[in-house]
Amino acid sequence: MPVIDTSQDDTSFTVVTEFDAPVERVWELWADARQLERWWGPPGYPATFTRHDFTVPGRSVYWMPGDGDVHPNYAAWSFVDIQPPNALEVDNGFADETGEPVPGFPWNRFSVRLEADGPRTRMTVRVAFGSAAELERMLGYGMREGFLAALSQTDAILAEG
Amino acid sequence: MPSRPTDAEVDRIFQALADATRRDIVRRVIGREQRVSDLAGRYEMSFAAVQKHVAVLERSGLVAKRRQGREQIVSPVVATIGRARGLLDELEALWRGRIDRMAAILQEDAAAAHAER
């Protein structure tokens, strides 16, 4: 399993993982839109990047299939910091097709750090959110299913004490 | 199935859990019902302060309080605790999925390099 640690506090979630590839190669997964869209969206919800200006200030725009009544189908990234091939900081959120934020859908910031560990790469992703409501909006698609699934698991978790 | 919580409800849950003492109270209550007087004995603060924390948790819907004789008993509300868990579980699942897919792409590289040899 590539994920080696996850942690959370009241306003952020952090995941640490290690890949069997050099830092420069892992960086490409973020920098190259064609590679990015192979992994950003969950199965059944592939992301199509219509724009990927990987510079500061720059913006990326992507489209995901989903329930357009609940949230916009477009989302965007606004680059806050890019230090190839080690650090990336992005504001991320639902948007219109031009990449402009949509009122009522707050954006959140995530940061990525890539560190060489011999021939391997340690990646730390920290996702910040202002409140639970923002977190829920941020997740958007699939949220209802995930929520219901988590609820159904809760009884078992509580039963374990 | 309970209905989807409103934004206000979700915010109350997270505000309630933003405090270490309140998280600890929730942990204990999930284990088994607790008397407010027993909870008060566990923390270095006044009975009134602990009562206030319990009241915040009660308003968030994470715990319920009932009277039993002279004692107040605090019990967990499973559905609400599930909501709080679900949000972060979902975020974690999302990123675990992304990382698995990233690893799969990197593995394809390795396989292709091997095939070239």
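**Exercise 1. Is Met123(A) buried or exposed?**

Work from this predicted model.

*Solution.*
Step 1. Locate the residue: Met123(A) sits in strand E8 of chain A.
Step 2. Take the neighbour count. Met123(A) has 23 C-beta neighbours inside 10 Å.
Step 3. Apply the cut-off: 20 or more other C-beta atoms within 10 Å make a residue buried. Met123(A) therefore counts as buried.
Step 4. List the contacts. Leaving aside neighbours within four places in sequence, Met123(A) is in contact with Thr17(A), Phe19(A), Val26(A), Val112(A) and Leu114(A).
Step 5. Check a long-range pair. Glu18(A) is 105 residues apart from Met123(A) along the chain, yet their C-alpha atoms are separated by 6.0 Å.

**Exercise 2. Classify Trp77(A) and Glu92(B) by burial, and list what each touches**.

*Solution.*
Step 1. Place them. Trp77(A) lies in strand E5 of chain A. Glu92(B) belongs to helix H5 of chain B.
Step 2. Count for Trp77(A). There are 26 C-beta neighbours inside 10 Å, so Trp77(A) is buried.
Step 3. Count for Glu92(B). There are 16 C-beta neighbours inside 10 Å, so Glu92(B) is partly exposed.
Step 4. Read off contacts, not counting residues up to four places away in sequence. Trp77(A) touches Arg59(A), Ser60(A), Val90(A) and Asn92(A). Glu92(B) touches Thr6(A) and Phe13(A) of chain A.
Step 5. Add a distance. Trp77(A) and His52(A) are 25 residues apart in sequence, and 8.5 Å apart from C-alpha to C-alpha.

**Exercise 3. Which residues touch the most other members of the largest nonpolar core, and which elements build that core?**

*Solution.*
Step 1. Start with the background. Nonpolar side chains tend to be buried together in soluble globular proteins.
Step 2. Name the residues. The largest nonpolar core has 33 residues, and Phe19(A), Val26(A), Leu29(A), Ala75(A), Ala76(A), Ala95(A) and Met102(B) touch the most other members.
Step 3. Assign elements that give two or more residues. From chain A these are strand E2 (12-19), helix H1 (23-31), strand E4 (59-63), strand E5 (74-83), strand E6 (87-95), strand E7 (108-117) and strand E8 (120-128). From chain B there is helix H5 (78-116).
Step 4. Find the top contributor. H5(B) gives the most to this core, with 6 residues.
Step 5. Zoom in on one member. Not counting residues up to four places away in sequence, Ala75(A) touches Tyr62(A), Met64(A), Asn92(A), Gly93(A), Phe94(A) and Ala95(A).
Step 6. Look elsewhere. A second, separate core has 14 residues, including Val10(B), Ile13(B), Val26(B) and Val74(B).

**Exercise 4. Describe the packing of H1(B) against H4(B)**.

*Solution.*
Step 1. Get the geometry. The axes of helix H1 (residues 7-16) and helix H4 (residues 47-60), both of chain B, come within 8 Å. They cross at roughly 155°.
Step 2. Translate the angle. Angles over 145 degrees count as roughly antiparallel. So H1(B) is roughly antiparallel to H4(B).
Step 3. Assign the hand. The crossing of H1(B) past H4(B) is left-handed.
Step 4. List the residues that meet. H1(B) brings Arg12(B), Ile13(B) and Ala16(B), while H4(B) brings Val56(B), Leu57(B), Arg59(B) and Ser60(B).
Step 5. Sort them by type. The contact residues are 4 nonpolar, 1 polar and 2 charged.

**Exercise 5. Where do Pro57(A) and Pro85(A) lie, and what peptide bonds lead into them?**

*Solution.*
Step 1. Recall the background. Most peptide bonds are trans.
Step 2. Take Pro57(A). A cis bond joins Val56(A) to Pro57(A), with omega about -5°. Pro57(A) is in the loop between strand E3 (48-52) and E4 of chain A.
Step 3. Take Pro85(A). The bond from Pro84(A) to Pro85(A) is cis, with omega near -5°. Pro85(A) is in the loop between E5 and E6 of chain A.

**Exercise 6. Set out the make-up of each chain**.

*Solution.*
Step 1. Count elements. Chain A has 4 helices and 8 strands. Chain B has 5 helices and 3 strands.
Step 2. Order them. Chain A runs β-β-α-α-β-β-β-β-β-β-α-α from the N terminus on. Chain B reads α-α-β-α-α-β-β-α along the sequence.
Step 3. Give the burial. In chain A, 30% of the 161 residues are buried. In chain B, buried residues make up 30% of 117.
Step 4. Give the contact range, for contacts between residues at least 6 apart in sequence. In chain A, 37% join residues at least 24 apart. In chain B, 57% do.

Conventions:
Residues numbered from 1 in each chain as written. Chains lettered and ligands numbered in written order. Predicted model: local features only at pLDDT ≥ 70, side-chain atom pairs only at ≥ 80, totals over all residues. Core = buried A, V, L, I, M, F, W, Y, C linked by C-beta atoms within 7 Å. Buried ≥ 20, exposed ≤ 12 C-beta atoms within 10 Å, placed from the backbone. Helix = DSSP H or I, 4+ residues; strand = E, 2+ residues; numbered from the N terminus. Contact = placed C-beta atoms within 7 Å. Axes fitted to C-alpha atoms, helices over the stretch in contact; angles between N-to-C directions. Parallel < 35°, antiparallel > 145°, perpendicular 65-115°, else oblique. Left-handed = near helix turned anticlockwise from the far one by under 90°. Nonpolar A, V, L, I, M, F, W, Y, C, P; charged D, E, K, R; others polar.
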